[in-house]
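This briefing introduces the structure shown below to a reader who has not met it before. The points are grouped by topic.

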Amino acid sequence: PRTIKFFNTVRNTMPSKITTNVQHALRDTGAGRFFCNLFSYIAGFTQLLFTKPAYLDHFLRPSKHVKSVKYGTHSSQFLDVFPCESKLGKDAPVIAFVHGGAWGSGHPYMYRLLGVRLAMEGFHCILIGYRTYPCADILGQLDDVQEALSYIRRRIGFGELSSIGKNSQIYLSGHSSGAHVVAQCVLQRSKTLDFIKGVIGFGGAYDLKSQYECEKSKDVHELSPLKAANKGVENFNRFSPFVIASNLKSFTYAGAEDDGSEQKQAVSVPKSHEQKQALSVPKFLLLHGLKDTTVPPSQSENLMAASKDKFPCEMELLDGVAHSDIVTDMFDLEKEIKYLERIKKFCNM
């Protein structure tokens, strides 16, 4: 929401004659990303200062609980690792989290309190840093997330990741555009990510066409990186998890559940160069706030419907929860979050 507010502020203060040119300049030079991130830092710091000053230590400097690990050469290609702080210990499940920011802003630093909270709840939390637009479009972002996950898989239990047990199951999660990236990554590249046990989407934008229309209704579609980062309107179907899921065909795989019920898993119909090989899709948990006006709940509802008889998918729509709340509520290390129990159950805890 802070990103959309920034877009609206810029859009509403620009003369109409230069509106589109200035918006594209802000979007494509990285200036918009700089100001979005700066605005988020200031807003986050101010909010903590007046509401939770005891948490400032986690926000302003690396927590004693976190370790940063590089998985690539770019400055954005790093992992912030928060080891489990509960009795579950080394073999606790891993939640690898991809932040949002309209494909063009955001930083793991902003989510340190999420890492602390999930570690307190019994998870190993790994915040994935990745290149955002204009440094990378959707393909580069998918490459970064895939490489980060492969690095985690290779190094888990060793060296910088020695605090995580070799038998820990890995779950992938993301918020907003980050949820889009993780869903796209798993649906298009699961052949190399078959170790991912499940995907948790928080307020995700899974259908780019409808999300673009939502942005047009707010008159921020030219400033938002959505269109540029996803290679233009003509490629929206190619990079929409909803469309990919709709094109999957179902089959019954060998791992039926113990109660004798058939369990469905998905194989893609090879319609493009990125869908030539059959793929297995892990289970999904879609969480979406009913007060979300930035990414409408219909995004999760439609992906849920598209998954039917194709891959296991659960959904919970959350009363009174807005777009940022679904993640920032977990920044409060003392607040009771009901859907955390749903996440734990999903991760077999």
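In this predicted model, helix α5, formed by residues 112-120, lies across the strands β2 (78-82), β3 and β4 (124-128). The direction of α5 makes an angle of about 40° with that of β2. The three strands crossed by this helix, β2, β3 and β4, appear in an open sheet of eight strands. The points below describe that sheet, two of its strand pairs, the chain as a whole and the confidence of the prediction.

**The sheet**

- The strands of the open sheet follow the order β1-β2-β4-β3-β5-β6-β9-β10, and their pairing is mixed.
- The edge positions are taken by β1 (67-70) and β10; each has a single partner strand, so one side of each is left without a neighbour in the sheet.
- On average, neighbouring strands of the sheet are turned by 20° against each other, with direction ignored.

**The pair β3 and β5**

- Strand β3 covers residues 94-98 and strand β5 covers residues 170-175; the two pair in the parallel sense over five bridges.
- Within this pair, I95 has Y171 of β5 as its bridge partner.

**The pair β9 and β10**

- Six bridges join strand β9 (residues 283-289) to strand β10 (residues 313-318), and the pairing is in the parallel sense.
- In this pair, F284 stands opposite C313 of β10.
- Between β9 and β10 the chain passes through helix α11, made of residues 298-306, and the resulting β-α-β crossover is right-handed.

**The chain as a whole**

- The secondary structure consists of 13 helices and 10 strands.
- The chain has 349 residues, of which 56% count as buried.
- Among contacts in the chain with a separation of 6 or more, 74% are between residues 24 or more positions apart.
- The chain has an accessible surface of about 15,000 Å², and carbon and sulfur atoms account for 52% of this surface.

**Confidence of the prediction**

- The average pLDDT of the chain is 85, and 84% of the residues score at least 70.
- Over residues 1-8, pLDDT stays under 50; the model has 26 contacts beyond four places in sequence for this stretch.
- Residues 251-278 also have a pLDDT that stays under 50, and for them the model has 53 contacts beyond four places in sequence.
- Where pLDDT is low, predicted coordinates should not be read in detail.

Key:
Residues numbered from 1 in each chain as written. Predicted model: local features only at pLDDT ≥ 70, side-chain atom pairs only at ≥ 80, totals over all residues. Heavy atoms only, no water. Pairing = 2+ DSSP bridges. Helix = DSSP H or I, 4+ residues; strand = E, 2+ residues; numbered from the N terminus. Right-handed = clockwise from strand over helix to strand, strands pointing away. Axes fitted to C-alpha atoms, helices over the stretch in contact; angles between N-to-C directions. Contact = heavy atoms within 4.5 Å. Buried < 20%, exposed > 50% of the residue type's maximum accessible area, 1.4 Å probe, protein only. Areas by Shrake-Rupley, 256 points an atom, 1.4 Å probe, with all protein chains shown as cover. pLDDT = per-residue confidence, 0-100.
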